[in-house]
Amino acid sequence: MYRRSFAFVAALAAVLVLVPAALAARVHVRVEGKTQTIFGSTEPTLNVKANALDALDAASLAGEFYYHVAPTAFGPYVDQIGRYPALPGSPNGWVFKVNGIVPPVGADQVTVKDGDTVLWYWATFTGAAGPLTLEVETSSVRGKRCFFATGRNDAGRASRVRGVVFTLNSRRVGSRSGVLCTRLGRYAVRVAKAGAIRSRTYSGR
Ligand code: B12
């Protein structure tokens with residue numbers, strides 16, 4: 001009798017542990033700081049409880065970095081990630097995108113689902129619009145591997161970006177055109193440009 005009720009309690013405990021993990025969404029998360037990547041240059045997949053604020057929390061847990069949430073009239077507001085706080089009165093601070101778009105509401109209001117990508121980044125505003133977030137597109141052209149630097153605006157619209165620096169297998173290569181072609185092979189590539197948010201690291205053949 002004692003043994004049977006022990007087995008029942010153990011089974012119940014296992015269910016209670018497994019159910020929340022099963023309910024969590026599997027989400028790609030990256031955090032780009034002012035001067036370097038704070039978490040997840042390859043956008044690893046994390047278990048995220050429900051929303052874009054939880055995605056930051058999951059990354060903070062996985063990457064052991066500090067962040068701070070302030071209560072405001074609009075709701076919870078992330079006023080610091082890592083070393084840098086968003087100073088009151090300054091136009092710069094922490095912004096997030098989900099699947100390449102800046103949502104017009106707070107992070108706790110944006111529910112995420114399996115396969116989504118959440119990017120948190122330090123944004124410096126020079127005008128009304130935020131900085132472009134960079135991506136690398138790739139294709140093979142006449143037996144060569146070519147990389148194309150693309151920038152996405154707040155609404156998620158993509159355009160070619162010129163005057164960039166690619167980091168190709170740890171080697172920095174400037175490109176005025178925003179295109180870099182090299183021989184076929186294994187690569188790890190990312191792209192950066194002053195005033196834009198560096199891309200994730202893409203790797204493959
Ligand atoms: C400046 C500003 C920012 C700056 C803040 C810079 C800084 N150093 O603090 C930056 C660019 C960082 C920013 C970020 C965001 N913002 Co903003 N921001 C504004 C703006 C233009 C002015 C706010 C202000 O300075 N008020 C004056 C000061 C004296 O009052 P305050 O209460 O102390 O203001 C603070 C809070 O408003 C806070 N704050 C700023 N934005 C947001 C957004 C949310 C959701 C929360 C909870 C707090 C918050 O920062 C202010 C300064 O410390 C307002 C529009 C407006 N005219 O109000 C939008 C506004 C508040 N932001 C908005 C949004 C959506 C965001 C983001 C969620 C966008 C995103 N997807 O990333 C992020 C916040 C993410 C996070 N970090 O948690 C919306 C909020 C809508 C809503 N109903 O929730 C607004 C109303 C713009 C809009 N019309 O869409 N923002």
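This briefing covers the ligand shell, the strands, the nonpolar core and one loop residue of the structure above. The model is predicted. In it, 24 residues surround the ligand, and the largest nonpolar core has 42 residues. That core takes at least three residues from each of two domains, domain 1 (24-123) and domain 2 (133-204).

**Ligand shell**

- Phe-74, Tyr-77, Ala-86, Gly-93 and Gly-106 are the closest of the 24 residues around the ligand.
- Two strands, β5 (75-81) and β7 (93-98), each contribute at least two residues to this shell.
- By type, the shell holds 18 nonpolar residues and six polar ones, with no charged residue.

**The sheet containing β5**

- Strand β5, a contributor to the ligand shell, also belongs to an open sheet of three strands in the order β4-β5-β6, with antiparallel pairing.
- The edges of this sheet are β4 (67-72) and β6 (84-85), each of which pairs on one side only.
- β4 and β5 run antiparallel and are joined by six bridges.
- One bridge pairs His-68 with Gln-80 of β5.

**Strand β8 and its partners**

- Six of the seven residues of β8 are buried, so the strand is mostly covered, where buried means 20 or more other C-beta atoms within 10 Å.
- β8 pairs with β1 (residues 25-32) in the parallel sense, over five bridges; Glu-32 has Tyr-121 of β8 as its bridge partner.
- With β7, β8 runs antiparallel, and six bridges join the two strands; here Lys-97 has Leu-119 of β8 as its bridge partner.

**Nonpolar core**

- Within the largest core, the residues touching the most other members are Ala-52, Ala-55, Val-112, Val-118 and Trp-120.
- Leaving aside residues up to four places away in sequence, Val-118 touches Val-27, Val-29, Ala-52, Ala-55, Phe-96, Val-98 and Val-112.
- In soluble globular proteins, nonpolar side chains tend to be buried together.

**Asp-116**

- Asp-116 lies in the loop between β7 and β8 (117-123).
- Asp-116 counts as partly exposed because 18 other C-beta atoms lie within 10 Å, while a buried residue needs 20 or more and an exposed one has 12 or fewer.
- Asp-116 and Ala-25 are 91 residues apart along the chain, yet their C-alpha atoms are separated by 8.6 Å.
- Ala-25 is also among the contacts of Asp-116, together with Val-27, Val-98 and Asn-99, not counting residues up to four places away in sequence.

Technical notes:
Residues numbered from 1 in each chain as written. Predicted model: local features only at pLDDT ≥ 70, side-chain atom pairs only at ≥ 80, totals over all residues. Near = placed C-beta within 6 Å. Helix = DSSP H or I, 4+ residues; strand = E, 2+ residues; numbered from the N terminus. Nonpolar A, V, L, I, M, F, W, Y, C, P; charged D, E, K, R; others polar. Pairing = 2+ DSSP bridges. Core = buried A, V, L, I, M, F, W, Y, C linked by C-beta atoms within 7 Å. Domains from an automatic or database assignment. Contact = placed C-beta atoms within 7 Å.
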